[in-house]
Amino acid sequence: MSWGTELWDQFDNLDKHTQWGIDFLERYAKFVKERLDIEQNYAKQLRNLVKKYSPKRPKDEEPRFTSCLSFYSILNELNDYAGQREVVAEEMAHKVYGELMRYSQDLKAERKHHLQEGRKAQQYLDHCWKQMDNSKRKFERECKEAEKSQVTYERLDNDVNATKSEVEKAKNQYYLRTHMADESKNEYAAQLQNFNGEQWKHFNNAIPHIFKNLQGMDERRTVKLGETYRSFAEAERRVIPIVSKCLEGMVSAAKAVDERRDSTIVVESFKSGFDPPGDFPFEDFSQNLSRTGSDGTISNTPKGDRDRDGGPGSRPDPKHATSKTKNKLWLFGKKPKAPSLEDFSHLPPEQRRKRLQQRIDELSKELQKEMDQRDALNKMKDVYEKNPQMGDPNSLQPKISETICNMEKLRSEIHKNETWLSEVEGKQSSRGDRRHSADNHHHTPQGRESPEGSYTDDTSQEHHTPHHRSTPAKPGPPNPDPHEFDDEFDDDDPLPVIGHCKALYSFDGQNEGTLVMAEDEVLYIIEEDKGDGWTRARKQSGEEGYVPTSYVEITLEKNSKGAVTYI
């Protein structure tokens, strides 16, 4: 249905309608703008949320639990989901909002042009009407004047008293007015014909053409709204497959949570490699008391042993007694943090082995990079030597030398760490042999392990389990360094007790400076093994000397007052 034929007289209403259409389009554009702002803010808040809960520690320090890894996967998927919300906002901004705003400006310009044409056509028609109306009024006046002159002429012509000149003058005036009325009539007829023609053109050509253009503009506006409605929905629908993949990734991450794997990781992460603690020995402080037959008691210590231990007058120093109760309950308390060492000797064996292996792997990767760089430089040097115009081969020599130096340093570091690793693995292997031998021959509790089942940097006690082999090989004679003590030990005060040990085998102590001990005898530790295989001990009688470390089961009590540890 055409506006030109049906609404030929509704110019003002069409003016209002087209303005309403543009206002509605701009209102929808404003709605899209607020919608994409919501998407952008939503995506920004999601990214901030992911950043807030993402791990801030290096990847090698992050826990490897499946629950943590799944949560980090969910964070990554949520970050991708936020990216899709940003894609939706960008699509709406460019294909909907931006397009609507550009189209709105075009509509305003086109509407203004069509309305101006309509107003010009209306103004021209009004001008034609005024000309026709003026000619009509003039014709009306001339006719009235001609009628008056005719009445005057007839009155004078019938008056017998009127002179001939007066009659002649009235006659001429009548003829003149009649002629002017005829001319006005002709002019009015011409103007009327012209106006009717212009009016027909106005309502049959100009206005229908203008209204047709306005109708086309309004219909295009409607079509554009429909297209942008579709684009608005398509922007959301296009990201649905990727959003679905993000959600599927979250579901897969949830399914990847494995409680048994996490439990295994806990064991692998915190296993110290120590053996569980054995029973504490009974400390008989009454063995130096003299007994009489009337007491009805029998001393468990033979007389010869009492004499050898120093007799009844020899008593152990009370201040060097074994650890107090609070020092034996260290697994439930907080322990001081030990300093980190290059060889990770501050860590328990299992953790030390893992850290050393990790470092060896990292150094090996760095060494491979340096080797690849060296090979590349050598190839480049060969090319320069064959084609001197490409470059000076001597210019590469400093870099090659630096790379070779780095390789040597890395090889040295790898060798050093491999040595430490071999030492740890050897100790762990021998510890397993000792546990097996002890179970078969001595029926003693298995070796010690951290009571917490894991290692922490806080240590109150260290447990050293000796080799439980049948009469282990004796180390070389002890050779204490006379300069290893500080001035505080130059006086006659005895060394403080830093732990105790139980003899697993008897030792004859034939070498000078060694201490004779019987199997299952309890001794006080006053100096740790410094790597030569000997531990300095004191009997309850006060006699001091060195015993083979592999012959005793040692418990060090580092919280004892005045304890000294030699590393």
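**Exercise 1. Find out whether Glu 142 is buried or exposed, and which residue it pairs with.**

Start with the cover. Glu 142 has a relative accessible area of 10%. The cut-off for buried is under 20%, so Glu 142 counts as buried. Keep in mind that this is a predicted model.

Next, look for a partner. Arg 177 forms a salt bridge with Glu 142, and their closest N and O atoms are 3.9 Å apart. That sits inside the 4 Å limit for a salt bridge.

Now place the two residues. Arg 177 belongs to helix α4 and Glu 142 to helix α3 (residues 66–158), so the pair links distant parts of the chain, 35 residues apart.

**Exercise 2. Work out which salt bridges Arg 35 makes, and where its partners lie.**

Take Glu 39 to begin with. Arg 35 meets Glu 39 in a salt bridge, with 2.4 Å between the closest N and O atoms. Both residues are in helix α2, four residues apart, which is about one turn of the helix. Here a general rule helps: an α-helix has 3.6 residues a turn, so residues three or four places apart point the same way.

Then turn to Glu 236. The side chains of Glu 236 and Arg 35 also form a salt bridge, at 3.3 Å from N to O. Glu 236 is in helix α4 (residues 164–237) while Arg 35 is in helix α2, so this pair ties together parts that are 201 residues apart in sequence.

Finally, check the cover. Arg 35 is partly exposed at 22% relative accessibility, and Glu 236 is partly exposed at 24%. Glu 39, at 5%, is buried.

For the wider picture, a search of the whole structure turns up 30 salt bridges.

**Exercise 3. Describe helix α9: how far does it reach, and which of its residues are buried?**

Begin with the length. Helix α9 covers residues 349–386, which makes 38 residues. From its first C-alpha to its last, α9 reaches 55 Å, close to the 56 Å expected at 1.5 Å a residue.

Now list the covered positions. The buried residues of α9 include Leu 356, Ile 360, Leu 363 and Leu 367. Charged residues turn up as well, among them Glu 350, Arg 352, Glu 370 and Lys 381.

For contrast, pick Asp 361, which is also in α9. Asp 361 is partly exposed, with a relative accessible area of 37%. Asp 361 and Ile 414 are 53 residues apart in sequence, yet 8.8 Å apart in space, C-alpha to C-alpha.

**Exercise 4. Trace how strands β2 to β6 pair up.**

Step one is β2 (residues 499–503). Four of its five residues are buried. Four bridges join β2 to β3 (residues 522–527), and five join β2 to β6 (residues 552–557). Both pairings are antiparallel.

Step two is to zoom in on Cys 501. Its bridge partner in β3 is Leu 523, and its bridge partner in β6 is Ile 554. Cys 501 is buried, at 0% relative accessibility.

Step three moves on to β4 (residues 534–538), where five of five residues are buried. Trp 534, Arg 536 and Arg 538 point one way, while Thr 535 and Ala 537 point the other.

Step four finds the neighbours of β4. Three bridges connect β3 to β4, again antiparallel, and Tyr 524 stands opposite Arg 538. On to β5 (residues 544–548): five bridges join β4 to β5, also antiparallel, with Ala 537 opposite Gly 545.

Step five covers the turns. The β3–β4 hairpin has six residues between the strands, and Gly 531 there takes a positive phi near 105°. The β4–β5 hairpin has five residues between its strands, and Gly 542 in the turn has a positive phi of about 105°.

**Exercise 5. Count the disulfides, then find which residues form a nonpolar surface patch with Phe 24.**

The count is quick: the structure holds zero disulfides. As for one of the cysteines, Cys 128 is buried, with a relative accessible area of 2%.

For the patch, go to helix α2 (residues 11–53), where Phe 24 is found. Phe 24 is partly exposed at 31% relative accessible area. Together with Trp 20 and Tyr 229, Phe 24 forms a nonpolar patch on the surface, with about 310 Å² of accessible area for the three together.

Note on methods: Residues are numbered from 1 along each chain as its sequence is written. This is a predicted model: local features need pLDDT of at least 70, side-chain atom pairs count only at pLDDT 80 or more; totals for chains, interfaces and linings use all residues. Side-chain values use heavy atoms; hydrogens and water are left out. Helices (H or I, at least four residues) and strands (E, at least two) are DSSP runs, numbered from the N terminus. The expected span of a helix is 1.5 Å times one less than its number of residues. Buried means under 20% relative accessible area, exposed over 50%, partly exposed in between (1.4 Å probe, protein chains only). A disulfide is a pair of cysteine sulfur atoms within 2.5 Å. Patches are made of residues with over 30% relative accessible area and no salt bridge: like charges are joined within 9 Å, nonpolar side chains (Val, Leu, Ile, Met, Phe, Trp, Tyr) within 5 Å. Accessible areas come from the Shrake-Rupley method with a 1.4 Å probe; for residues, only the protein chains shown count as cover. Two strands pair if DSSP finds at least two bridges between them.
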